[in-house]
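Got your viewer open and a hand on the mouse? Let's walk through this one stop at a time, selecting residues as we go.

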Amino acid sequence: MGKLFLLVFMMLSTLSLGSASLSVSSGHGSIRGDDFAFDFSRGSAYLNLGLLSYGDISSSGMVGVFADPYGFGHDFFPDVSSTGDERSGFVLSLGAFSFVFSTDSRPLTGISFRSEHIEASVMHAYGIEEERGFHESPDALTSFGTSYASLKLEYGPFRMLLLSSYAAEVGSRSFISGHISHDAYSLTVSLGSLIALYEENESVFGIRGSFGEDGFVFLFSHSIGHAPVFSEDYLSTESYASAVLKLGNIVLHSEAESSFTESGRRKHRERFSLETEYLRLGYDTDDGPFVIVDGNHISFGYEDGYPFVRLMWELSGECFSALLEISSEGELDVSLRVVI
C-alpha cells in the first residue's frame, strides 16, 4: 500500500515540475523541484511534498524518542529521513499539529502538538506476533498493542520531559528526564524505561552532557540498564565520549564507546583522527590505522586493512553533469544529473 501511495504522489508531482533536476547513480536516484523531492535507493524511498512526506520515521521525532528515550534527540514533532532503519511511514504536518502513520511491519499512528514552551504527543503501536522466551520480560517484547504519551516543558535553559507507556498485558512503564543548559554547557539526567517499541531498551538510568565553544566541543553519555536474569553480578552499561578540536584548517577528533553486556563481556572501541582539506589520518581500535588523501580527481590511501585508489572524471554542460568513479576494489559508479 505504501508503494502504491508513493507511485501516485510521484505521478502527481510530475504534472507541475517547473524547475526540477533528475539525478541517477548506481542504486540511487532522485527528482527534486522547488516544492517537492523524491529519492529512492535500493528498495527504500523518500518523498517530500511539503505538508506530506514519506520515508524512514524512526530516526527522529516521537517514534525515535519512544524507541530510544536515552538517545540524544528529544524533539517529538514527527519527521522523515531518506536514510535510517527504513521503518517507513507518512508524516502530515498541519501548523502546530503533526501526524505520523507507519507502513512497516509494526503499524502505528500518532499525533504531536508543539507550542513555544509545551510539546505533547500520543501514539499507539499495534502488537505483532512473536514467540516469547521463558525468561524474557513482557515489556521487552513487541507482542502487545502499546500506547505511548509524552509531555515536554521547556523554558529558557530548563527542560523537563515525561514519557509513559501502557499495555494491558504488561502494565505501565514511565520515563522522566531533566535538562539544563547555560552558554556552552549542558547536562541531562534521565530515569526510567518504556515498553519496547521495536526492540528492547535496557537502560533505566542515564546521564549525558556537553561543553565547549566553536573551536572545541566535548560530548559524553553514560547509561545503566537492568540486571540480567542469570548473572546479577553484571549490569548492562553503555558509555560514549567524543571531543573535537579545531586549530585553523586542522580538525582533531577523538571518540570512545564502551559497553558491558549482561553476560559480563566488555566491548570497547576508540577512534582518533586528524583532518585537513585534503588529508585524513588516524587509528581505529577495530579497523586499524587509516590514511586517506583526497584530490580533485583522485583519492588514495589505506583503510580497513587494505590500500585503495579511486579515480573520478567529471563532465558537465549547461543542463547536465556526469561523474564516473572507478576504484581499485573493483567498484564502478556512474552518476548523471539533468536539469529539466
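What follows is a short tour of a predicted model, with something to select at each stop.

**Stop 1: the nonpolar patch**

Start on the surface. Select I118, L151, L153, F158, M160 and L162, then add I176, I180, L187, V189, L191 and F205. Show them as a surface and you have a nonpolar patch of about 960 Å². Which elements give two or more residues to the patch? They are β10 (146-155), β11 (158-167), β12 (171-182) and β13 (185-192). Now click on I118, which sits in strand β9, residues 118-125. I118 is partly exposed, at a relative accessible area of 39%.

**Stop 2: two aspartates with positive phi**

Stay around β12 and β13 for a moment and pick D183, found in the loop between those two strands. Check its backbone: D183 has a positive phi of about 55°, although the residue isn't a glycine. Is D183 buried or exposed? Exposed, because its relative accessibility is 71% and the cut-off for that word is over 50%.

Next, jump to D304, in the loop between β21 (298-303) and β22 (306-316). D304 isn't a glycine either, and its phi is positive at about 55°. With 48% relative accessibility, D304 counts as partly exposed.

**Stop 3: aromatic pairs**

Time to look at rings. How many aromatic pairs does the structure hold? There are eight, and we'll visit two of them.

Select F97 and F113 as sticks: their rings form a tilted pair, 5.2 Å centre to centre, with 50° between the planes. F97 belongs to strand β7 (residues 97-102) and F113 to strand β8 (residues 108-114), so the pair ties together parts that are 16 residues apart in sequence. Colour the two by accessibility and you'll find F97 partly exposed at 37%, while F113 is partly exposed at 31%.

Now go for Y185 and F211. This aromatic pair is stacked, with the centres 6.1 Å apart and 25° between the planes. Y185 is in strand β13 and F211 in strand β14 (residues 203-211), so to speak of distant parts of the chain is fair: the two are 26 residues apart. Y185 counts as exposed at 53% relative accessibility, whereas F211 is partly exposed at 33%.

Don't deselect yet. Add F216, F218 and F220 to Y185 and F211, and you have a cluster linked by ring pairs.

**Stop 4: a charge over a ring**

Select R87 and Y198 together. What sits over the ring of Y198? The charged end of R87 does, 4.0 Å from the ring centre.

**Stop 5: a buried serine**

Last pick: S58, in the loop between β5 (52-56) and α2 (61-67). Is S58 buried or exposed? Buried, because its relative accessible area is 11% and the limit for buried is under 20%. Bring up the side chain of D56 as well, and you'll see what S58 touches: the two side chains make a polar contact at 3.2 Å.

Terms used:
Residues numbered from 1 in each chain as written. Predicted model: local features only at pLDDT ≥ 70, side-chain atom pairs only at ≥ 80, totals over all residues. Heavy atoms only, no water. Patch = residues over 30% accessible without salt bridge, like charges linked within 9 Å, V, L, I, M, F, W, Y side chains within 5 Å. Areas by Shrake-Rupley, 256 points an atom, 1.4 Å probe, with all protein chains shown as cover. Salt bridge = Lys/Arg side-chain N within 4 Å of Asp/Glu carboxyl O. Helix = DSSP H or I, 4+ residues; strand = E, 2+ residues; numbered from the N terminus. Buried < 20%, exposed > 50% of the residue type's maximum accessible area, 1.4 Å probe, protein only. Phe/Tyr/Trp six-rings, centres within 6.5 Å; stacked < 30°, edge-to-face > 60°. Lys NZ or Arg CZ within 6 Å of the ring centre and 35° of its normal. Polar contact = N/O pair within 3.5 Å; in protein donor to acceptor, adjacent residues only side chain to side chain.
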